[in-house]
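Here is a short report for a first look. Keep the structure open while you read.

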Amino acid sequence: VSRRALLGTAGATGLALGAAGGAAGYAAAPAQAAPLSSVGSGRVMFHGKHQPGITEGLQACGHLVAFDLTAGAGRREAAALLRRWSVTAGRLMAGEAAPHDDTGVARDAGPSSLTLTFGFGRGFFARTGLEKQRPGALDPLPDFSSDHLDRARSDGDLWVQIGANDALVAFHALRAIQKDAGSAARVRWQMNGFNRTPGATAHPMTARNLMGQLDGTRNPKPADTDFEKRIFVPASGEPTWMANGSYAVVRRIRMLLDDWEKLSLTAQQQVIGRRKADGAPLSGGDETTPMDLEKTDADGEYVVPLTAHARITRPDKNGGAAMLRRPFSYHDGIGPDGTPDAGLLFVCWQADPLRGFVPVQRKLDRGDALSKYIRHEASGLFAVPGGAAEGEYVGQRLLE
Ligand code: HEM
């Protein structure tokens, strides 16, 4: 039975993993159908108005990988590469084998909500003679005083975000993409991340980051009336090849966890302005209650401190700046000094970085209480074109 055929039966007989699933759930499944669990059968469409991997829920595993075009590669080679990548992405996201030399690593697993998302960095346009097509929005991000950026792990001509709810499925996609690059592009940097596995909590919840906070509470929601306008370049936008696309700002932000974990719960909550247990604002209510920035305590002090991260980042304090934060946590082992090399692969999406990430980071740079406990170690800004229509490859409108 092919993996494709298994997929067809998964919807009807799929089992929930997590609280109610696990080994017992599998045993109860009809033996002949060998259905995939709901985790394995989750499928995201490759073709569409927007690329996948932007508005979908957080995935359990992720790889971020940047490539540079090789010396001999120009526009023609880049177009052929995007064509190969698009074919591979379409197949893998449908739970099928890679077009060439499939390694078999993802066999049996189903698509597991795999997404592949492709973007262009600033350097891509000079390398391919397409400078006239380079969006102004790809101008370099300004320097921030708190930056400790490693240039070797920043930027890149091409960027691929891979996410899936299964680690083998995500790794399988990473290898296929790397092999497709062939002699046209080589890996510049690569980072691995993770999130809580969907189904691990009794009901869907905002995810926690490695500091233990609920992170993502105030993200714009697809149902918001201005969601599309804030996150995606309009269909009539400039340059025309970016219609329905978005800009991704990627920051590798190390968390200084030894310092953070020494803080009392009260101090940790004051850094963010929200309760750690349930994400409620310090001004009261529950996670979804609007934060009251004016509320004071018996001593006349603001209950949400002036330096609290959730106060400083509010869109209404930043000229309406809004972004969709869709991060992965990361952990790359323990350093020689005994501290974990861990934190957030912060990925945020917006129609215009100058009206999203930049003003907010400028403000954070000037006095965010969180700054003492984090370090921005790498940075990238990528133009992510709209989704490919059936029969089209990603970026075709730029490269054809
Ligand atoms: C909100 C954590 C970095 C922008 C929050 C919240 C937490 C948090 C716990 C409150 C819950 C929520 O609304 O999601 C962190 C951590 C960071 C980090 C641990 C670094 C490791 C950043 C950066 C930016 C940013 C670099 C952008 C420059 C925002 C925004 C909000 C927010 C826009 C929502 C504000 C609102 O709409 O009211 N963050 N954050 N964060 N953060 Fe961060």
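## The span 206–388

In this predicted model, the end C-alpha atoms of residues 206–388 lie 30 Å apart. Helix makes up 17% of the span, and strand 22%. An unreviewed UniProt entry annotates residues 206–388 as "domain: Dyp-type peroxidase C-terminal".

## Around the ligand

How many residues surround the ligand? The shell has 28 residues. The closest are Q213, T217, R218, T313 and Q361. Four elements each give two or more residues to this shell: β5 (246–255), α10 (309–312), β8 (340–350) and α11 (357–365).

Which element gives the largest share? That is α11, with 4 residues. By class, 15 residues of the shell are nonpolar, 8 are polar and 5 are charged.

## A closer look at α11

Start with the buried residues of α11: F357, V360, Q361 and L364. They sit on the same side of α11, because they cover an arc of only 95° around the axis. The spacing rule is general: an α-helix has 3.6 residues a turn, so residues three or four places apart point the same way.

What do the buried residues of α11 pack against? Their partners are β5, α10 and β8. Those three elements also give residues to the shell around the ligand. Q361 appears twice in this picture: it is one of the buried residues of α11, and it is among the closest to the ligand.

Now step past the end of the helix. Just after α11, G367 takes a positive phi of about 160°.

How values were computed: Residues are numbered from 1 along each chain as its sequence is written. This is a predicted model: local features need pLDDT of at least 70, side-chain atom pairs count only at pLDDT 80 or more; totals for chains, interfaces and linings use all residues. A residue is near a molecule or strand if its C-beta atom, placed from the backbone, lies within 6 Å of it. Ala, Val, Leu, Ile, Met, Phe, Trp, Tyr, Cys and Pro count as nonpolar, Asp, Glu, Lys and Arg as charged, and the others, Gly among them, as polar. UniProt positions are given in the numbering used here, feature names are shortened, and annotations may be inferred rather than shown by experiment. A residue is buried if 20 or more other C-beta atoms lie within 10 Å of its own, exposed if 12 or fewer, and partly exposed in between; C-beta atoms are placed from the backbone. The arc is that of the directions from the helix axis to the C-beta atoms. Two residues are in contact if their C-beta atoms, placed from the backbone, lie within 7 Å.
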